Amino acid sequence: MLVLTRKSGEMIAIGDEIKIHIQEIRGNQVKIGIVAPPNVAVHREEVYLRIQDENRRAVRVTQENMQDLSKIYKNLRGVKTGNNGN
Amino acid sequence: MIKIQTARFGEIEVEKNKVITMFGGILGFPKSEHYIMFDHEPGSPFKWIQSVEEPDVAFVVTDPLCFFPEYLIQVKKEELANMDVEDANDVTILTILSLRGEARDMTANLQGPLVINSASLKGRQLVMKEGAYTTKHHLFPELRAAG
């Protein structure tokens with residue numbers, strides 16, 4: 001990992017298209033501005049990893065799962081309609 | 001028309017102008033930037049989004065309001081960058097569903113919604129910061145309570 005020390009207001013350039021701007025430092029919080037092209041994802045890492053994990057799980061859903069899911073949904077929706085006094 | 005190879009659905013033919021571009025892909029799947037979307041079955045709230053590039057990659061999605069009528073997110077203008085949004089009504093929010101066990105335990109990732117401009121078919125997956133939503137919200141909480 002490359003480690004740089006910057007002051008409030010200073011910038012870091014990554015490649016030609018990515019810029020990191022240290023906007024404000026208050027206590028142990030730093031406000032960072034980021035310029036990046038649309039195909040580069042920029043996120044808070046811990047949430048990013050959680051969503052990535054969940055996506056990797058989601059890709060394993062099978063058509064069989066979906067057949068079961070559809071049945072459950074239709075049953076539940078049928079029950080709900082009945083309860084609405086139709 | 002273009003032909004797409006898919007693991008679940010065989011070969012699919014689709015019009016080029018129906019292909020959705022997801023900027024940055026869907027997190028964890030950087031090789032897949034283009035998807036096609038279709039209903040799981042007629043009248044179903046569930047849709048599949050199938051990768052054009054990778055036959056194995058497909059996700060089940062749904063309109064989160066269908067199961068979570070109070071779902072409300074704030075989307076910053078920058079998060080809609082390059083999606084060519086001209087009318088806010090064109091912005092479609094979808095949530096990816098996943099599974100740990102049985103279908104009744106299906107969960108929705110409300111923290112990582114897909115935001116797609118239905119007019120331009122350009123979108124991205126958003127990463128919401130910590131707050132009201134997590135990556136796992138049960139579609140059928142009443143089934144769980146019933147044990």
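Me: Let's fix the vocabulary first: buried means under 20% relative accessible area, exposed means over 50%, and partly exposed is in between, using a 1.4 Å probe and protein chains only. What share of the 86 residues in chain A is buried?
Reply: It comes to 22% of the 86 residues in chain A. Keep in mind that this is a predicted model, where local features need pLDDT of at least 70 and side-chain atom pairs count only at pLDDT 80 or more, while totals for chains, interfaces and linings use all residues. As for bookkeeping, residues are numbered from 1 along each chain as its sequence is written, chains are lettered from A and ligands numbered from 1 in the order in which they are written, and side-chain values use heavy atoms, with hydrogens and water left out.

Me: How do you know what a compact globule of 86 residues would have as its radius of gyration, and what does chain A have?
Reply: The rule is 2.2 Å times the number of residues to the power 0.38, and the radius is taken over C-alpha atoms. A compact globule of that length would come out near 12 Å, but chain A has 24 Å. The C-alpha trace of chain A spans about 65 × 30 × 20 Å along its principal axes.

Me: What part of the contacts in chain A with a separation of 6 or more comes from residues 24 or more positions apart?
Reply: Contact means heavy atoms within 4.5 Å, and such residue pairs account for 0% of those contacts in chain A. Met1(A) and Gln52(A), for instance, sit 51 residues apart along the chain, and 22 Å separates their C-alpha atoms.

Me: What makes something a helix or a strand, and how many of each does chain A have?
Reply: Both are DSSP runs numbered from the N terminus: H or I over at least four residues for a helix, E over at least two for a strand. Chain A has two helices and three strands, in the order β-β-β-α-α along the sequence.

Me: Why is Met1(A) called exposed?
Reply: Its relative accessible area is 99%, so Met1(A) clears the exposed cut-off. Met1(A) belongs to the segment before β1 (11-14) of chain A.

Me: Why does Arg26(A) get the exposed label too?
Reply: Arg26(A) has a relative accessible area of 62%, so exposed is the right word. Arg26(A) sits in strand β2 of chain A. Its side chain makes a polar contact with that of Glu24(A) at 2.7 Å. (A polar contact is a pair of N or O atoms within 3.5 Å; within protein, one must be able to donate a hydrogen and the other to accept it, and residues adjacent in sequence count only if both atoms are side-chain atoms.)

Me: Over in chain B, why is His137(B) called buried?
Reply: The relative accessibility of His137(B) is 18%, so the residue counts as buried. His137(B) lies in strand β11 (residues 137-138) of chain B, and its side chain reaches the backbone nitrogen of Thr134(B) at 2.8 Å. Leaving aside neighbours within four places in sequence, the contacts of His137(B) include Phe68(B), Met106(B) and Leu110(B).

Me: Why is Ser32(B) called buried?
Reply: Ser32(B) has a relative accessible area of 0%, so it meets the buried definition. Ser32(B) is in the loop between β3 (20-22) and β4 (34-39) of chain B, and its side chain has a polar contact of 2.7 Å with the side chain of Ser51(B).

Me: What makes the backbone of Asn82(B) stand out, and why is Asn82(B) called partly exposed?
Reply: Asn82(B) has a positive phi of about 65° although it is not a glycine. With a relative accessible area of 42%, Asn82(B) falls into the in-between class, so partly exposed fits. Leu121(B), not a glycine either, has a positive phi of about 55°, but Leu121(B) is buried at 19%.

Me: What makes a pocket a pocket, and which residues lie nearest the centre of the largest pocket?
Reply: On a 1 Å grid over the protein atoms alone, a pocket is an open set of points with protein on both sides within 12 Å along at least five of seven lines, whereas a cavity is a set where a 1.4 Å probe fits but cannot get out; lining residues have an atom within 4 Å of a point. The largest pocket has 41 lining residues, with Val42(A), His43(A), Arg44(A), Lys76(B) and Glu79(B) nearest its centre. β3(A) gives the most to that lining, six residues. The space in the largest pocket is about 1,500 Å³, a volume being the space filled by probe spheres set on grid points joined across faces, edges and corners.
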